[in-house]
Amino acid sequence: VGWIYIEDTAINYPIVQGEDNREYVSTSVDGKYNQYGSIFMDYRNTSDFSDRHTVIYGHYMKNGAMFRDIRKYDDPQFYEAHPTGMIMTPEENFQFEVIGGYVASTADASWQLSFAGEEDFGAWLQDSMDRSTIGGTVVPSVNDRILTLSTCSYEFSNARFVLVCRIIEKINQ
């Protein structure tokens, strides 16, 4: 469905989307078994990144591959040096900016994709920003499209680190 890139990091990968969220956990983009799996979009999202909230998953690899670098955003200097990234799709390219990040339980609403309306989405956004342990002064609005990058974390059982971003502009191809 696209490609994700964050300059000066290991994040430079194709994004795939499966029939469910298990399909690419241990399958490479060419459909073969691979313990690293693939970087993949939640199966419930539309592949053109037009949803209010799009989630992309990737493994936290000890060798630095996949989404390990999103954990580096805990360091304010890393955050300041890498505030944006790009998503490239066959139709459009987008720039995104990192606006927050935190450790979450898989039972949390961090991966919620459906919202009853603007008020519900606004409350979800506010909760995400309130929980954030990183980020600057960006205050997202209910009109923003949010991108969450998600990887494993090891603070407790079923912990995940979520990097909350907003899509800020289209980039000409």
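**Reading a barrel, strand by strand**

Tutor: Let's start with one strand: β5 has a covered face, made of Gly 85 and Ile 87, and an uncovered face, made of Thr 84, Met 86 and Met 88. Keep in mind that this is a predicted model.

Student: Why do the residues of a strand split between two faces like that?

Tutor: Here is the general idea: in a regular strand, side chains alternate between the two faces of the sheet. In β5 you can follow it along the chain: Thr 84 is on the uncovered face, Gly 85 on the covered one, Met 86 on the uncovered one again, and so on.

Student: Which strands does β5 pair with, and in what sense?

Tutor: In general, strands of a sheet pair through backbone hydrogen bonds, either parallel or antiparallel. Here, β5 (residues 84-88) pairs with β6 in the antiparallel sense over 5 bridges. Strand β1 (residues 2-5) also runs antiparallel to β5, and 3 bridges join them. To see this residue by residue, look at Met 86: Gln 95 in β6 stands opposite it, and so does Tyr 5. Ile 87 stands opposite Phe 94 in β6.

Student: What joins β5 to β6 along the chain?

Tutor: A hairpin, which makes the link through 4 residues.

Student: In what order do the strands close into a barrel?

Tutor: There are 8 of them, in the order β1-β2-β3-β4-β7-β8-β6-β5, and the pairing is mixed. From one strand to the next, the twist averages 30°. Then find helix α2 (residues 118-131), which packs on the sheet and touches β4, β6, β7 and β8. The direction of α2 makes about 70° with that of β6.

Student: Now the inside. Which residues have the most contacts in the largest nonpolar core?

Tutor: The general idea is that in soluble globular proteins, nonpolar side chains tend to be buried together. In this model the largest nonpolar core has 28 residues, and those with the most contacts inside it are Ile 4, Phe 49, Ile 56, Ile 87, Leu 147, Leu 149 and Leu 163. You've met Ile 87 already, on the covered face of β5. The elements giving two or more residues to the core are β2 (12-17), β3, α1 (76-81), β6, β7 (145-152) and β8 (159-171). The largest share, 4 residues, comes from β8. Another core, of 18 residues, lies apart from it, and Val 16, Tyr 24, Ile 146 and Val 164 are among its members.

Student: What is Ile 56 in contact with, leaving aside its neighbours within four places in sequence?

Tutor: Quite a list! Among them are Ile 15, Ile 39, Phe 49, Phe 67, Ile 87, Leu 147 and Leu 149.

Student: How is a pair of aromatic rings described?

Tutor: By the distance of the centres and the angle of the planes. A search of the whole structure finds 8 such pairs. In one, Phe 49 and Phe 94 are tilted, at 6.3 Å centre to centre with 50° between the planes. Phe 49 lies in the loop between β3 (39-41) and β4 (53-57) while Phe 94 is in strand β6 (residues 93-105), so the pair ties together parts that are 45 residues apart in sequence. Both Phe 49 and Phe 94 are buried.

Student: What kind of pair do Tyr 73 and Tyr 79 form?

Tutor: An edge-to-face one, with 6.4 Å centre to centre and 75° between the planes. Planes over 60 degrees apart count as edge-to-face, so that label follows. Ring pairs also link Tyr 73, Phe 78 and Tyr 79 into a cluster.

Student: Are Tyr 73 and Tyr 79 buried or exposed?

Tutor: Tyr 73 is buried, with a relative accessible area of 1%, and Tyr 79 counts as buried too, at 14%. For contrast, try Ala 107, in the loop between β6 and α2: Ala 107 is exposed, with a relative accessible area of 70%.

Student: What does the side chain of Thr 151 reach?

Tutor: First place it: Thr 151 lies in strand β7 and is buried, with a relative accessible area of 2%. Its side chain reaches the backbone oxygen of Gly 58 at 2.8 Å and the backbone nitrogen of Tyr 60 at 3.0 Å. Thr 151 is also in contact with other residues, including His 59, Phe 67 and Ile 70.

Key
Residues are numbered from 1 along each chain as its sequence is written. This is a predicted model: local features need pLDDT of at least 70, side-chain atom pairs count only at pLDDT 80 or more; totals for chains, interfaces and linings use all residues. Side-chain values use heavy atoms; hydrogens and water are left out. Rings of Phe, Tyr and Trp (its six-membered ring) pair if their centres lie within 6.5 Å; planes under 30 degrees apart count as stacked, over 60 as edge-to-face and the rest as tilted. Buried means under 20% relative accessible area, exposed over 50%, partly exposed in between (1.4 Å probe, protein chains only). A nonpolar core is a set of buried Ala, Val, Leu, Ile, Met, Phe, Trp, Tyr and Cys residues joined through side-chain atoms within 4.5 Å. Contact means heavy atoms within 4.5 Å. Two strands pair if DSSP finds at least two bridges between them. Axes are lines fitted to C-alpha atoms, for helices over the stretch in contact, and angles run from 0 to 180 degrees between N-to-C directions. A polar contact is a pair of N or O atoms within 3.5 Å; within protein, one must be able to donate a hydrogen and the other to accept it, and residues adjacent in sequence count only if both atoms are side-chain atoms.
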